[in-house]
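Colleague: I would like a close look at one part of this model, a place where two helices pack against each other. Please go through the contact and then turn to the charged pairs elsewhere in the chain.

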Amino acid sequence: MKHLDDNVLSEYVLDGTGSPEVEKHLDECEICRDGAAVFREIDHALRGSETWTTVDASRNGGNRLDEILGYRKRKEDEERQARTFLARIGNSPLKFRNAAVDIAEKPRHHTEGMVRVLCAEANALHEQRPKLSEQMAGVAYTVATKLTNVPDRAKRALMGMALREHANALRYLGRFKDALKLLDYAEKLFDGTPGADPFDQAIVLLIRATVYMKSERLEEGSALARQVASVFRDYGDVSRELSAVMVDACCLLLAGNARLSADSFERAITICRLNGDRGMLARALSNCAAALKDLQDFDRAERYYVEAVTIYDELDLATEKARTEWVLAMILLARGELAESTRRLASIRKDLAKLGLTNDAALATLMWAEGRLALNEPSGVTEACRSLLVVFGDEELQRHARRALADLNEALAKGRGTATLVHEVRIYLENLTTQPLGLPAPPPQ
C-alpha cells in the first residue's frame with residue numbers, strides 16, 4: 001500500500017482540507033493514521049501557552065540553558081587540565097605509577113574529566129602498552145568511585161566505562177577470566193543506569209565476545225558478535241561493526257569452518273581498503289591469513305601476514321605486530337624452513353615477554369626450541385625451557401601446565417628432549433583450556 005506523504009497529512013490535519021480519498025485511506029491505513037496523530041499533537045502544542053513560555057525562557061537564557069552551558073565548559077576545563085597533567089608523565093610506566101598515588105589521593109584530580117581522559121588514554125594504549133593501559137584504567141575506576149557532586153547516573157556510567165577499559169587491557173594481556181569478571185560488573189553498572197546508551201552496552205558485549213572467542217567459547221562469542229554488529233550498524237560505527245563481523249568470522253575459523261571464515265575476512269578486507277581504515281585492514285589481513293593457513297594456502301597467507309606486519313609497524317601497534325610475526329614464523333616452521341623460523345622466533349619470544357604476554361611468550365619459546373632441536377642445534381634450549389612460565393586462572397589447569405613443563409625439563413636435563421616431545425608439550429598447552437581436566441600431560445620420551 002502506498003502511504004500519504006507529510007504534506008498531504010499536514011494539510012488534512014492543520015488546514016482541515018482533504019479529499020474523500022484521503023479520509024478513506026486513513027480509515028484503512030494504521031501507519032498514516034499514526035502520522036496524522038503526530039501532526040495533531042504538534043498543532044495542539046503550538047496552540048498551548050506553555051510552548052511559547054518555554055520559547056521565551058530559552059530566548060532569555062533560562063537557568064536550564066545556563067546549567068547546560070556551564071556543565072559543558074566545566075567538562076572541557078576538567079579534560080584540558082587532566083591532559084595537561086598526564087602529558088607531563090608521557091608513556092612512562094614508572095612515572096605513571098608514581099603519579100597514580102597523587103591522582104587517587106588528591107581531590108583536585110577527582111573529576112569526570114580525569115576519568116574520561118584516563119579511559120581514552122588507556123584505550124589508545126591497549127595494543128602498544130597493555131600493562132600501562134591496565135594501570136591507567138584501574139586509576140580511572142578509583143577516581144570514578146571518589147567523585148562527589150556528580151549525579152548517580154553519571155557516576156555509574158563513568159565507573160562502567162573505566163571497568164570496561166580495564167577489562168579490555170586484561171584481554172590484551174591474555175587474562176581472560178579476570179576480564180570477564182570486570183565485564184560482568186561493567187555491564188551491571190550500565191544496565192542499572194537509567195537511559196543507558198545501548199552503544200556503551202554494545203562495546204561491553206563486543207569485548208566479551210572477543211574474550212569468548214579467545215577462550216574457545218565459540219558459540220557464545222559468535223552469537224554476541226552478531227548481536228552487537230547490528231547495534232553498531234544502526235549507530236553508523238563501521239569500525240566496530242567490522243570488529244564484530246571479524247569476531248564472528250574468527251569463531252567460525254576456530255570451530256573448523258576455515259573456508260567460510262576466509263570468505264568473510266576477504267569481504268572485510270575489501271571494505272577496509274575502500275574505507276581507508278589501516279588498523280582494521282591489518283586485523284582483517286592477519287585473521288584471513290590464519291584461515292588460509294588452515295586451508296594450506298601458505299603462499300597467500302604469507303603475503304597477507306607480511307602486509308599486516310607492515311601496517312602494524314606503521315601504526316606502532318606492538319602487541320599485534322609481535323603476535324602476527326609469531327604466526328608468520330609458524331608458517332615458516334610448517335613449511336620446514338627451520339633456520340629462518342627459529343631465527344625470527346629468537347627475538348619474537350622476547351618481544352612477547354616484554355609486552356607481558358606470558359603464555360604467548362612461552363608457546364613461542366617452545367616453538368623456537370622445537371626448531372632448534374630439529375636442526376640438531378640444542379644450545380640454549382634447556383636454559384630457555386627451564387625459565388618458562390605459563391599462567392591459567394584455574395588452579396587445576398595451572399597444575400596440569402606445570403606438570404607438563406616439569407616433565408619436559410626433566411627430559412631435557414637427561415638428554416632425552418626431542419623436537420617431537422617439545423611439539424607435543426606445546427600443542428598440549430595450547431589446547432589445555434579445551435581439554436577434559438583429567439587428561440594427563442604427554443609422557444616424556
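**A helix pair and the salt bridges**

Modeller: In this contact, α21 contributes H400, A401, A404, L405, L408 and A411, and these meet L421, V422, V425, Y428 and L429 of α22. Sorted by type, the residues of this contact are 10 nonpolar, one polar and no charged. The model is a predicted one, and the description below should be read with that in mind.

Two packed helices are described by the angle between their axes and the distance between the axes. Here helix α21 spans residues 395–413 and helix α22 spans residues 419–431. Their axes come within 10 Å and cross at roughly 170°. An angle over 145 degrees counts as roughly antiparallel, and α21 and α22 are therefore roughly antiparallel to each other.

The contact of α21 with α22 holds no charged residues, so for charged pairs one has to turn to other parts of the chain. Side chains of opposite charge can pair when their charged atoms come close. The structure holds 29 salt bridges, and three pairs and one network are taken up here.

The pair E266 and R300 forms a salt bridge in which the closest N and O atoms are 2.6 Å apart. E266 belongs to helix α14 (residues 258–275) and R300 to helix α16 (residues 298–314), so this pair ties together parts that are 34 residues apart in sequence. Both side chains can be placed by their accessibility: E266 is partly exposed, with a relative accessible area of 21%, and R300 is partly exposed at 24%.

Another salt bridge joins the side chains of D237 and R240, at 3.0 Å from N to O. D237 has 16% relative accessibility and counts as buried, because buried means under 20%. R240, at 28%, counts as partly exposed. This salt bridge therefore pairs a buried residue with a partly exposed one.

E220 and R217 also meet through their side chains in a salt bridge, with 2.9 Å from N to O. E220 is partly exposed at 37% relative accessibility, and R217 is partly exposed as well, with a relative accessible area of 32%.

Finally, some salt bridges are joined into a network: D299, E302, R335 and E337 are linked in this way.

Key. Residues numbered from 1 in each chain as written. Predicted model: local features only at pLDDT ≥ 70, side-chain atom pairs only at ≥ 80, totals over all residues. Heavy atoms only, no water. Axes fitted to C-alpha atoms, helices over the stretch in contact; angles between N-to-C directions. Helix = DSSP H or I, 4+ residues; strand = E, 2+ residues; numbered from the N terminus. Parallel < 35°, antiparallel > 145°, perpendicular 65-115°, else oblique. Contact = heavy atoms within 4.5 Å. Nonpolar A, V, L, I, M, F, W, Y, C, P; charged D, E, K, R; others polar. Salt bridge = Lys/Arg side-chain N within 4 Å of Asp/Glu carboxyl O. Buried < 20%, exposed > 50% of the residue type's maximum accessible area, 1.4 Å probe, protein only.
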